[in-house]
Amino acid sequence: MAATFVSSPHSARVNRVDWVMLQVCLALVPGTLALVWFFGWGVLINMVLATVFAVVAEALVLRLRGRPVLLAIGDYSAVVTALLFALTVPPTLPWWLTLLGILFAIVIVKQLYGGIGYNPFNPAMAGYVFLLISYPVQMTSWLPPHVPALVQAHDLTLLSFLDSARLIFTGELPAGLSWDAVTAATPLDEMRTMLDQGNSIDIIRQSPLWGSFGGRGWEWVGNWFLLGGLYLLWRRVITWHIPLSFLAGLLVMAGAFWLIEPQTHPFPAFHLFSGGAILGAFFIATDPVTACTTKRGQLIYGGAIGALVFVIRTWGGYPDAVAFSVLLMNIAAPVIDHYTQPRVFGQGRRV
Amino acid sequence: MKLQTPQTAEQRRKLWHFHGGVHLPEEKYLSNGKPTLDAPLPRQLVIPLQQHIGAPARAAVTVGDRVLKGQVIAEPQGYISATVHASSSGVVSAIEARSVPHPSGLTAPCIVIDTDGEDAWAELPEPIADFEQADANTLRERIRGSGIVGMGGASFPSNVKLNPGADQPIDTLVINGAECEPYITCDDLLMRERAADIVDGIRIMLHVLGAGRCLVGIEDNKPEAILAMQQAVALRQLGGRIEVVAIPTLYPSGGEKQLINILTGKEVPSHGIPAQVGLVCQNVGTASAVADAVLRGRPLIERYVTVTGRAVASPQNYRVRIGTPASELIDASGGLRAELAKLVVGGPMMGIKLDSDAVPITKAANCILALTPQESPDPGKPLPCIRCGRCADVCPVNLLPQQMYWHARAKDIDKVQDYNVFDCIECGCCAHVCPSHIPLVQYYRYAKTESWAREREKRAAEHARERHAAREARLERLERERKAKMRQKQAAIAPKGATAAADGDAKKAAIEAARKRAAEKRAARAVEPAPASAAVKPRVESESVSEEQG
């Protein structure tokens, strides 16, 4: 396109889409390592599978749509979607569910709406929710974190790489193990079930499942994702508006209810370091395509997601709330943008 | 290298900052280390009739005329227009369309002077040394007669800007020495070398405006210029009225509205001019040109120009006669030494790409920039917008560039206007940071021109509609009148049945006469068809006039 070369500015461009996406991949490394540490090789296998499925699916759809394939693959956005998806599903998820989720995310949610930049919903979260609703059992069968306290209490063995691969590809457990012995509820699930049974927080927290902020193991995963999130802030891939307002919205809601009824509401840090709160705040809600674009809008958007996370976790039908909250606010983003336009220089009262 | 600038309490005045902006590689060191040279006298000068905003000047010489340096060769047409002078002596060899620095690569009428090498001066108007006793109108007239326009790039006639009217009292003159575009150093060198002239120009303009004070804004990456200006102000003991202020280096601080905001905290209203908030802003180059015009009688026939970029052998600033071809300046700088990706007049952020190096230096041309492929790489095919919002983060006007882009792409011009595209200053920050390499500014220019075109079309359509309605009304009126006459006639005829026979003779005679006239007419038409058709025309014209009146 010769025309692009003519108009000012003539300066060298300072940003690239592929650079932005690679920074996100890089920022996921600490959290990924923590997940692998606590939950075994299944996490990595899922990531590789999801990435391959996503890139192949994207390439095929682009060909069908008659769009340049390499240009779009080269922006690494499909890779980011795949990685985020794989990090949120259980490490033992059968391969065909990963395939289904990725196909839904890439083909229907992303490409059918026009590809990168045009999708109204976060593809990774839409894929996740699609699976969660369709296959709730497989999607909530998490492994217990491999931490000393639990290993001793439950006589746990961490699945080897081959065992993990066999489980994912064939659904066969290693000899002598049953599904009940391998899987466990997530802390959010556990907390919810125990509260439903009428237990008080003090009693619930006596279980060895609980660490200092949230579930043992889980809380550290959140910390490592936080590190990656700070890296993204430092590289200016994201701005503070959405993560901060997300966490603030969650903490304010959790804090208020905890202050009112501390025996039926877990303390606020539990919400922060359980489930996908940190990952969601820094990596998922910040997806630029589906988030608000005005700064004031981003504060509202993030804060509302945080508040919704608490609402859904506390009163909703599913223990995991980040995906639902993000998708709900994706719908609202254009309207929020419309009503939060900044005051243009030279307009308004201040003269 | 850090130069100490004298700091007084005043210099630590409060500064404001506008939204956004970008830090760019300055690249000023390429050309700011050497004193300014006089550019060689070219064999031929090409002087455009329009080097300013407003109506083009009308040539006051004809081909073959001998002209002298400083002689008026084109007169302004109308109030917003500017005088054009010969920048050296010679013979007018052509008045024709030549390529000029214009975004579309258009040609425009120019006066071409074959120089004679004598550089002989015309008789110049008397200097007005005691300008403080002079009437403001006299000074404005001198400035107009000297062809002075804003030399920062917008090239608006300065006398107009210096005449805001009695209803808009001016308290502060803002002098723009920010020079925020990378590479360009001509204002920097001008301030270093001609600070006293700039200060004189400021005094004259303060007098013309009746303004109390002047703020000179200079980006802090030009310590020598700041020092020189402060010394010149101190030398004239004008410390109380003229204040030289170092402002942080941030593109686009040199935008008129941005600089005013930095220095005073005031926001020039959207679609408004600085005079509405009691300010007038002029470039340092304009100030020195005003001093030349008033104190020496010299018109604006030369300016400082930076020739730079890594594709030229020896970047350098020159005093250049208006009308000198850019190619001469590149040759003077040792020619091109590296692969040339782009030749630009102006800076890398807002400059105009040149298709040819034959274009002349105009009053607004501050820089000839020869960029290598490394300095100005092809941004490649634009990718889809990922809505990251970096464009909005850097927009100095606090617009939403991304939303404007989506609507411009959809050709929804009304929506683009709703997002205030006409407040866009086309600084290029958004396109500079866009990770998808979308030529955003180009989309906004498209939306603006499209909107202007639609406005014109709308006016034309409105005009046509009014004319059509008038014509309909007139035809209806004529029809009514005709019918009314018929009724009258019939009413007159009906009761007089007895006189019918007598009338019949008269009627026959009348018919015969009419036939005769028609035959004569036919004969005349056969002999001279042209006048006959010409005779029809005036009727049509008079009809259309009556349509408009009707």
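**Angles, pairings and confidence in a two-chain model**

Modeller: Helix 15 of chain A and helix 17 of chain A are roughly antiparallel to each other. This is a predicted model, in which local features need pLDDT of at least 70 and side-chain atom pairs count only at pLDDT 80 or more, while totals for chains, interfaces and linings use all residues. Residues are numbered from 1 along each chain as its sequence is written, and chains are lettered from A and ligands numbered from 1 in the order in which they are written.

Biologist: What makes helix 15 and helix 17 of chain A roughly antiparallel?

Modeller: Helix 15 (residues 241-260) and helix 17 (residues 277-284) of chain A pack at about 150°, with their axes 8 Å apart. Angles between N-to-C directions run from 0 to 180 degrees, the axes being lines fitted to C-alpha atoms, for helices over the stretch in contact. Under 35 degrees counts as roughly parallel, over 145 as roughly antiparallel, 65 to 115 as roughly perpendicular and the rest as oblique, so these two helices of chain A are roughly antiparallel. Helices are DSSP runs of H or I with at least four residues, and strands are runs of E with at least two, numbered from the N terminus.

Biologist: Which residues make the contact between helix 15 and helix 17 of chain A?

Modeller: Helix 15 of chain A brings A:Pro243, A:Phe246, A:Leu247 and A:Leu250, and helix 17 of chain A brings A:Ala277, A:Gly280, A:Ala281 and A:Phe282; two residues are in contact if their C-beta atoms, placed from the backbone, lie within 7 Å. By class this contact has seven nonpolar, one polar and no charged residues, where Ala, Val, Leu, Ile, Met, Phe, Trp, Tyr, Cys and Pro count as nonpolar, Asp, Glu, Lys and Arg as charged, and the others, Gly among them, as polar.

Biologist: Why is helix 4 of chain B called oblique, or parallel, to helix 5 of chain B?

Modeller: The axes of helix 4 (residues 195-209) and helix 5 (residues 223-235) of chain B come within 9 Å and cross at roughly 55°. That angle makes helix 4 of chain B oblique to helix 5 of chain B. The contact is made by B:Ala195, B:Ala196, B:Ile198 and B:Val199 of helix 4 of chain B, and B:Ala228, B:Met229, B:Gln231, B:Ala232 and B:Val233 of helix 5 of chain B, and these residues divide into eight nonpolar, one polar and no charged.

Biologist: How do you know that strand 9 and strand 10 of chain B pair, and in which sense do they run?

Modeller: Two strands pair if DSSP finds at least two bridges between them, and five bridges join strand 9 (residues 172-176) of chain B to strand 10 (residues 213-219) of chain B, which run parallel. One of the partnerships sets B:Thr172 against B:Arg213 in strand 10 of chain B. Helix 6 (residues 256-264) of chain B packs on the sheet and touches strand 9, strand 10, strand 11 and strand 12 of chain B, its direction making about 120° with that of strand 9 of chain B. Helix 7 (residues 284-296) of chain B also packs on the sheet, touching strand 9 and strand 12 of chain B, and its direction makes about 85° with that of strand 12 of chain B.

Biologist: What is the strand order in that open sheet, and what makes a strand an edge strand?

Modeller: The open sheet has four strands in the order 11-10-9-12 (chain B), with parallel pairing. Its edge strands are strand 11 (242-247) and strand 12 (279-283) of chain B, since each pairs on one side only. Elsewhere in chain B, strand 3 (residues 58-59) and strand 5 (residues 72-75) pair in the antiparallel sense over two bridges, with B:Arg58 opposite B:Glu75.

Biologist: What makes the peptide bond before A:Pro9 cis, and which residue precedes A:Pro9 in that bond?

Modeller: A cis peptide bond joins A:Ser8 and A:Pro9, with omega about 0°, and A:Pro9 lies in the segment before helix 1 (17-27) of chain A. In chain B, the bond from B:Tyr251 to B:Pro252 is cis, with omega near -5°, and B:Pro252 lies in the loop between strand 11 and helix 6 of chain B.

Biologist: How many residues does each chain give to the contact between the chains?

Modeller: Chain B gives 53 residues and chain A gives 36. Helix 12 of chain B gives the most to the side of chain B that touches chain A, with three residues. That side has 28 nonpolar, 14 polar and 11 charged residues.

Biologist: Where in chain A does pLDDT stay under 50?

Modeller: pLDDT, the predictor's confidence in each residue from 0 to 100, stays under 50 over residues 1-5 of chain A. The mean for chain A is 88, and 95% of its residues reach 70 or more.
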